[in-house]
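Colleague: Thanks for making time for this one! Could we go through the model together, with the cut-offs spelled out as we meet them?

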There are 10 protein chains.
Amino acid sequence: MPDAKLLEVFPTPSDTPFVIEHVAEEFTSVCPVTGHPDFGTVTLRFEPRGAKAGGVCVELKSLKLYLQSFRNEGIYYEAVTNAIRDDLAAAMKPAWLVVKTDWKGRGGIRSVIRATSGPAPAEWLR
Amino acid sequence: MPDAKLLEVFPTPSDTPFVIEHVAEEFTSVCPVTGHPDFGTVTLRFEPRGAKAGGVCVELKSLKLYLQSFRNEGIYYEAVTNAIRDDLAAAMKPAWLVVKTDWKGRGGIRSVIRATSGPAPAEWLR
Amino acid sequence: MPDAKLLEVFPTPSDTPFVIEHVAEEFTSVCPVTGHPDFGTVTLRFEPRGAKAGGVCVELKSLKLYLQSFRNEGIYYEAVTNAIRDDLAAAMKPAWLVVKTDWKGRGGIRSVIRATSGPAPAEWLR
Amino acid sequence: MPDAKLLEVFPTPSDTPFVIEHVAEEFTSVCPVTGHPDFGTVTLRFEPRGAKAGGVCVELKSLKLYLQSFRNEGIYYEAVTNAIRDDLAAAMKPAWLVVKTDWKGRGGIRSVIRATSGPAPAEWLR
Amino acid sequence: MPDAKLLEVFPTPSDTPFVIEHVAEEFTSVCPVTGHPDFGTVTLRFEPRGAKAGGVCVELKSLKLYLQSFRNEGIYYEAVTNAIRDDLAAAMKPAWLVVKTDWKGRGGIRSVIRATSGPAPAEWLR
Amino acid sequence: MPDAKLLEVFPTPSDTPFVIEHVAEEFTSVCPVTGHPDFGTVTLRFEPRGAKAGGVCVELKSLKLYLQSFRNEGIYYEAVTNAIRDDLAAAMKPAWLVVKTDWKGRGGIRSVIRATSGPAPAEWLR
Amino acid sequence: MPDAKLLEVFPTPSDTPFVIEHVAEEFTSVCPVTGHPDFGTVTLRFEPRGAKAGGVCVELKSLKLYLQSFRNEGIYYEAVTNAIRDDLAAAMKPAWLVVKTDWKGRGGIRSVIRATSGPAPAEWLR
Amino acid sequence: MPDAKLLEVFPTPSDTPFVIEHVAEEFTSVCPVTGHPDFGTVTLRFEPRGAKAGGVCVELKSLKLYLQSFRNEGIYYEAVTNAIRDDLAAAMKPAWLVVKTDWKGRGGIRSVIRATSGPAPAEWLR
Amino acid sequence: MPDAKLLEVFPTPSDTPFVIEHVAEEFTSVCPVTGHPDFGTVTLRFEPRGAKAGGVCVELKSLKLYLQSFRNEGIYYEAVTNAIRDDLAAAMKPAWLVVKTDWKGRGGIRSVIRATSGPAPAEWLR
Amino acid sequence: MPDAKLLEVFPTPSDTPFVIEHVAEEFTSVCPVTGHPDFGTVTLRFEPRGAKAGGVCVELKSLKLYLQSFRNEGIYYEAVTNAIRDDLAAAMKPAWLVVKTDWKGRGGIRSVIRATSGPAPAEWLR
């Protein structure tokens, strides 16, 4: 089941703001209604706070394990997106964070959900 | 015939604003003049109101059935687009909503219609 | 319902063998089990017999109307493909004929069915 | 020869502003200097005035016939673009209008011309 | 765990040979060494025996459930491919069968495995 | 109207067989039934006979003018293709010749016609 | 050698501002250090001043000859871009002008240079 | 090991601001944890100060050698990006600078890091 | 330096012939003349001998380490390709083997080298 | 002017037949009629004779200089192709050789010429 404690962070290497994007194209969870698997791509974009302000980045291997912890969880698209946003915002306290999930189609409809934490600039939302 | 009562909603999972996009690539209706079928893609983008404000999301299976109810309806591109916008705005009362319909060509001309409800940010119109 | 009598033909303009391909990207029928619409692309490839041998080509508008006659028919992928092959083979008696149907995904699986009539060369099967 | 009287309009179905895009990929006219044909794509984007303000949309078949009336006209790229803009602005009196013509290459140079009428938002110019 | 008994078949609708292709882009299993998930696309191509010879086709929903039964199985690429080939060949006894698995990269290397049963024509192998 | 006398040829520069392909993406003629313009791409592939055998190649500017002579001709797809094949075969007497015409869609169906003269190798037909 | 006198202009056909883009994909000059040829694409975008203000457009054939005059010139990427900007700004005195040069790779690095004259809107810089 | 002294500069050819982009698709360094090589694309975008203000551009061959100096260095994605930004900002003192690194996937996650120096316009960040 | 002893194999899981393809997009070695790095993609395709005949497959992690052992080796394209072919043929003794190396451009020329061992079918060479 | 003496060769590294492909995307010569530059891509494919039979490969830098020697030569497409084929066949005496030239469009027609020396397998001609 999803486990935010798997997330590890490390100090940002700079006081200058910069933007990090991680794209995980191999995400899967389970539809809570039908029990069938859902597949999607999870994109994170965030600006760590500066080093002197205690800013941190998420460690990549821990992020992989955290995302894998959704594998057999029955959970809706919207809830996955908000859960990842909340867990990462809590773990990193970034200047801002965007979480975008892009789901393969079901019944001829494919969906994209975007959730934010903090003042994410408009150009990072798409 | 198009039937807005098919649309079902569920409460938004968050108080933080977020953006949902659904893309239905298998839409068909009928040209009211020639009786020939029209084919297109319908894209919805909206921001539900916050959970405490009673915000809701459209349920995906009900959206599929609603869109299928246009299958044998004789109706113009512009009217389809405005009808979907009106029905979804009434059903969800979202912070804002964009409906975009992208039609396969007829007579060497293909068309894209975009209608909005509420203050849709410019970056979501395209 | 599918109506082979809609198909009209006209004499081939040449005694030299040549190959005709028609691609109809806007095909729809209905799943006989779920009642949900299916969408696909139908590709025909054939070589009319020579003019002196009475060879004929299918007329394009009649082909469009014939394919539209499947719109509200409950019928499986495999049966659609074999029905179109049989109806066109009967109407044109071509030197050979390939019918390929390419279906949008259902439940994460998309399908392509190919049926032939007569000695279709291998390079026209894919 | 180009004939603006071919353009027909119909009342917009809504008081809410919305945006219509028509893309005609099969445009041809003739170079007035060399007599050789030019080929291009004509894109229209416009916002009709609201229904209560007497807003109208261009009818698609009449638009096709109007664009075909340039077929054997000797006329420069820039003049085509401004003529279409002027004729459509006169016929529809839209809130705003963008006309974009995208020409196949000549002598290793391909050209794109964009003309506007009224306050077209920047995001619709590209 | 993988369960061939999930596979269901139905009689082929024709005596004329034809070719069926199913592409499942949402396959996942687990690496038996690292325990990390593997993701890939599974493509089946086969020719059912003729109807009079008792030829059958695999039913799509049962195929989906069968492929899902690999979800939490620790198994190598090569073994997945051979297992699917063996199970489908046993269930359908087709004239010929090709199973192709196309795996997302691991450590900068991505792999494609192809296994066959019966005299699969060369043009269906790629 | 189509005028084969516009075609000019020049001697092939080699006795060794070689293959020439010309692709004209800006072809237009007129539908003889509706009077609406048709647009397509014309592809020629041929092997000139050797220089000592009097082999010739078609001159590019004359080919352009010849193809332009169809601009206002009312003529079917199949007839265009066979006419170009016949005119070029007569003008060049090549070892073999393939003419392929690829037409933009009409009524949701797009067509490709291929005609040959002489023993065109299978790999040049597609 | 580059020769700005090759550039010819003609009066703009409109008082309404509009935007012209010319893309020349077949530009070549010579590296002043190695003597090896450089290849790139030159894109111009500009808004002519209004007709009453004496606005002019560059004539396409003269532009082609002007760009060809760099063919055997030893000159750096940055200098090419600034030279074209200066020559065209002097010849047309446009409301604004963007010159973009996009160079094929050298040593694994490819470069894009953009220079402007006048208040070019940000959306035309990319 | 990374060596900023390899970077050479030359005077900007213009007082008008302009924008330079260099894209190096063949960057490689080493993961400091696993010792395995990392591969990515490094994109630089910057505006040199004007010529009178002493503005300079980075010389391309020196840039290539500088980027090659990371080849066997054990260093994190984020540190590479900030190091290149710092070294180039120190060498050129540009009006502004964007460094973007786009890394091939590891464990199913691919990353993009963007760092800036000075007031980089938002449209150059993506 | 290249080290064939890094290659490990495991027994093939089947007696039925099947085809394995591994694509390593992150290959790098060094040009023996200039000392600059070369980058390319290495593709292997092979058919292991049957299990009863002692057929084996190359283990993926050992393949990765083997390919990495070329990282700082000065070696020509043709020699790399033949070396990999020889080492893998010796390690696996496959029914047949194709090694294809696809190199990024140098001086405007990019190269593809293909070497084989045993009777590789023509359709696997491209 | 074209200078075959620029071509240098080196001994093939293997007795086993293998296939080499070089693609030069930056070729330019001059039209002998109009004096305007032509641009194209030159592709070579060949199999060197075995090492013991004295087989050789063309050296890449010499190939680049040889192709550059056409830069200001007035020469037809067909003659370029046959000249390169003849010069390379003379320099390398390969088992077989294919030369393909792919030219940017002129007057709306683009051309591809293929010439061979020796028994080039059909799969290498396209």
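Colleague: How many bridges join β5(F) to strand β6 (residues 109-117) of chain F?

Modeller: Strands are DSSP runs of E with at least two residues and helices are runs of H or I with at least four, numbered from the N terminus. Two strands pair if DSSP finds at least two bridges between them. Here F:D102 stands opposite F:V112 in β6(F). The two strands run antiparallel, and the number of bridges joining them is eight.

Colleague: What kind of model is this?

Modeller: Residues are numbered from 1 along each chain as its sequence is written, while chains are lettered from A and ligands numbered from 1 in the order in which they are written. Local features need pLDDT of at least 70, side-chain atom pairs count only at pLDDT 80 or more, and totals for chains, interfaces and linings use all residues; this is a predicted model.

Colleague: Which residue in the turn between β5(F) and β6(F) has a positive phi?

Modeller: These two strands form a hairpin with two residues between them. The positive phi in the turn is about 60°, and the residue that has it is F:G107.

Colleague: And which residue of β5(F) stands opposite F:G40?

Modeller: Strand β3 (residues 37-47) of chain F pairs with β5 (residues 96-106) of chain F in the antiparallel sense, over eight bridges. Opposite F:G40 in β5(F) stands F:W103.

Colleague: Let's go to the contact between chains. Which element gives the largest share of the side of chain A that touches chain H?

Modeller: Two residues are in contact if their C-beta atoms, placed from the backbone, lie within 7 Å. The contact takes 19 residues from chain A and 18 residues from chain H. On the chain A side, β2 (18-30) and α1 (60-68) each supply at least two residues. The largest share is nine residues, and it comes from β2(A).

Colleague: How many charged residues are on that side of chain A?

Modeller: Ala, Val, Leu, Ile, Met, Phe, Trp, Tyr, Cys and Pro count as nonpolar, Asp, Glu, Lys and Arg as charged, and the others, Gly among them, as polar. On the side of chain A that touches chain H, ten residues are nonpolar and three polar, and the number of charged ones is six.

Colleague: Which residue of β6(H) stands opposite A:V19?

Modeller: β2(A) and strand β6 (residues 109-117) of chain H run antiparallel and are joined by seven bridges. Opposite A:V19 in β6(H) stands H:R114.

Colleague: Now chains D and G: which element gives the most to the side of chain D that touches chain G?

Modeller: This contact takes 17 residues from chain D and 18 residues from chain G. α2 (77-92) and β6 (109-117) of chain D each supply at least two residues of its side. With eight residues, the element that gives the most is β6(D).

Colleague: Which residue is the bridge partner of D:I109 in β2(G)?

Modeller: Seven bridges join β6(D) to strand β2 (residues 18-30) of chain G, and the two run antiparallel. In β2(G), the bridge partner of D:I109 is G:A24.

Colleague: Which C-alpha of chain D is nearest the axis that relates chain D to chain G?

Modeller: Copies are superposed by least squares on the C-alpha atoms of residues with pLDDT of at least 70 in both. A rotation of 72° with 0.0 Å of shift along its axis superposes chain D on chain G, at an RMSD of 0.0 Å. That is how a five-fold axis relates its copies. In chain D, the nearest C-alpha lies 7.1 Å from the axis and belongs to D:E123.

Colleague: How many residues does the largest nonpolar core have?

Modeller: A nonpolar core is a set of buried Ala, Val, Leu, Ile, Met, Phe, Trp, Tyr and Cys residues joined through C-beta atoms within 7 Å. A residue is buried if 20 or more other C-beta atoms, placed from the backbone, lie within 10 Å of its own, exposed if 12 or fewer do, and partly exposed in between. A:L88, D:L88 and H:L88 have the most contacts inside the largest core, whose residue count is 155.

Colleague: Is G:K93 buried, exposed or partly exposed?

Modeller: G:K93 is found in the loop between α2 (77-92) and β5 (96-106) of chain G. Its phi is near 45°, a positive value in a residue other than glycine. Because 17 other C-beta atoms lie within 10 Å, G:K93 is partly exposed.
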